[in-house]
Amino acid sequence: MNAIKNNLETFKQELKVALELATSPTQLEEVRIAFLGRNGRIATIMSVIKDLSAEDKRTFGPELNACKVWAELAFQEKKETLIKQEILRDTMRKQLFDVTSYKPQTLTGKLHIYTQIIQELEDIFISMGYDIVDGPEVETDYYNFQALNIPADHPARDMQDTFWLDTPGMLLRTQTSPAQIHAMEKRELPLAIFSPGRVYRCEATDASHDFMFTQAEGLFIDKKVSIANLMATAQQFLQKFFDRKDLAIRVRPGYFPFVEPGLEIDGSCPFCVAGCSICKKTGWIELLGAGLVHPNVLRYCGIDPEKYSGFAFGTGLERLAMIKHGINDIRLFHSSKIDFLDQF
Ligand code: PHE
């Protein structure tokens, strides 16, 4: 009969420990099933009653019943404690809930780097009195080459590999320079226009060349326009673009059939004094292709080169953005990579 007593003792000890360890309603339910359920430990213990002699029943019956009552009470007590704890936790959660810490995770859109750089340049040239004009991306041979003093068979045509369209004489413009011709044909003199837009070249791509990129064209025509005006404009542009008054320009000879003389205008590197990787250790960055508008081009547009002169310049917008923002591959611009675009 001592076995019964021992069983009861072990049962009590183990139930105590199990209740102690239960910290959630699910765990508590598991304890209930294991100890107090229909097939649980207490049921097994109680089942011995029916095999006891009448005398033993009198001795152990009340003890077994008392144990069962004790177990149910202990379980109930633990259940109430858990409920109280949950209520307390809930109140704390509500008290500690900080409405100001809520930040909605909405994705904000922004302007594409193309648009940003175009707007930046447009603002600079608008501040210098230029009108912004747009030009067609599908052009004729006449506007892209002929009127720009690049007749058929001119070797300069090979400098700009062209996407010719099925319609004879039609092409995707290889430069924004046709905007010069459209402006001179349509506008009164004097004129100052700035024309950004896409251009296309049928060439293999690498980190600094793409089959599609963005250029901007500038044209200023008036009486007595000289290289001095061009250089002052280039310097203003450089200083405003990098927001640095100390930047200088230098001029090298260049060749473009529609300007005479033709010039390459460089700007002093905004990132170093003695040479860095951006200026390829030269201290200068290429800024513009430029020159005084060729008399032939003026004549094509019905302007008398004896009375009027002007300058034109062109620049690659991706290249400027790459220098300004330290971008190392031109192809990223139209890659639609959100990680890349998100930086600007
Ligand atoms: N259109 C020339 C190019 O694509 C750039 C340029 C424009 C040069 C205007 C001189 C004047 O390289």
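Let me begin with a term: an angle between two axes counts as oblique when it is not under 35 degrees, which is roughly parallel, not over 145, which is roughly antiparallel, and not from 65 to 115, which is roughly perpendicular. Please keep in mind that what we are looking at is a predicted model.

With that in hand, consider helix 8, which covers residues 227–242, and helix 10, which covers residues 317–325, whose axes come within 11 Å and cross at roughly 45°. Helix 8 and helix 10 are therefore oblique to each other, and their crossing is right-handed. On the helix 8 side the residues that meet the partner are Phe237, Phe241 and Phe242, while helix 10 brings Leu320, Ile323 and Lys324. Sorted by class, this contact has five nonpolar residues, one charged residue and no polar ones.

Let me turn to the start of the chain, where helix 1, residues 2–21, packs with helix 2, residues 25–36, at an angle of about 165°, the axes being 9 Å apart. That angle makes helix 1 roughly antiparallel to helix 2, and the crossing is right-handed. Helix 1 contributes Phe11, Glu14, Leu15, Ala18, Leu19 and Leu21 to the contact, and helix 2 contributes Gln27, Leu28, Val31 and Phe35. By class, that is eight nonpolar residues, one polar and one charged.

Finally, the ligand: which of the 14 residues around it come nearest? They are Gln175, Ser177, Arg201, Gln215 and Glu217. A polar side-chain atom of Ser177 lies 2.9 Å from a nitrogen atom of the ligand, whereas Arg201 places a polar side-chain atom 3.0 Å from a ligand oxygen atom, and Gln215 has one 2.8 Å from an oxygen atom of the ligand.

Notes
Residues are numbered from 1 along each chain as its sequence is written. This is a predicted model: local features need pLDDT of at least 70, side-chain atom pairs count only at pLDDT 80 or more; totals for chains, interfaces and linings use all residues. Side-chain values use heavy atoms; hydrogens and water are left out. Axes are lines fitted to C-alpha atoms, for helices over the stretch in contact, and angles run from 0 to 180 degrees between N-to-C directions. Helices (H or I, at least four residues) and strands (E, at least two) are DSSP runs, numbered from the N terminus. A crossing is left-handed if the near helix is turned anticlockwise from the far one by less than a right angle, and right-handed if clockwise. Contact means heavy atoms within 4.5 Å. Ala, Val, Leu, Ile, Met, Phe, Trp, Tyr, Cys and Pro count as nonpolar, Asp, Glu, Lys and Arg as charged, and the others, Gly among them, as polar. A residue is near a molecule or strand if one of its heavy atoms lies within 4 Å of it. A polar contact is a pair of N or O atoms within 3.5 Å; within protein, one must be able to donate a hydrogen and the other to accept it, and residues adjacent in sequence count only if both atoms are side-chain atoms.
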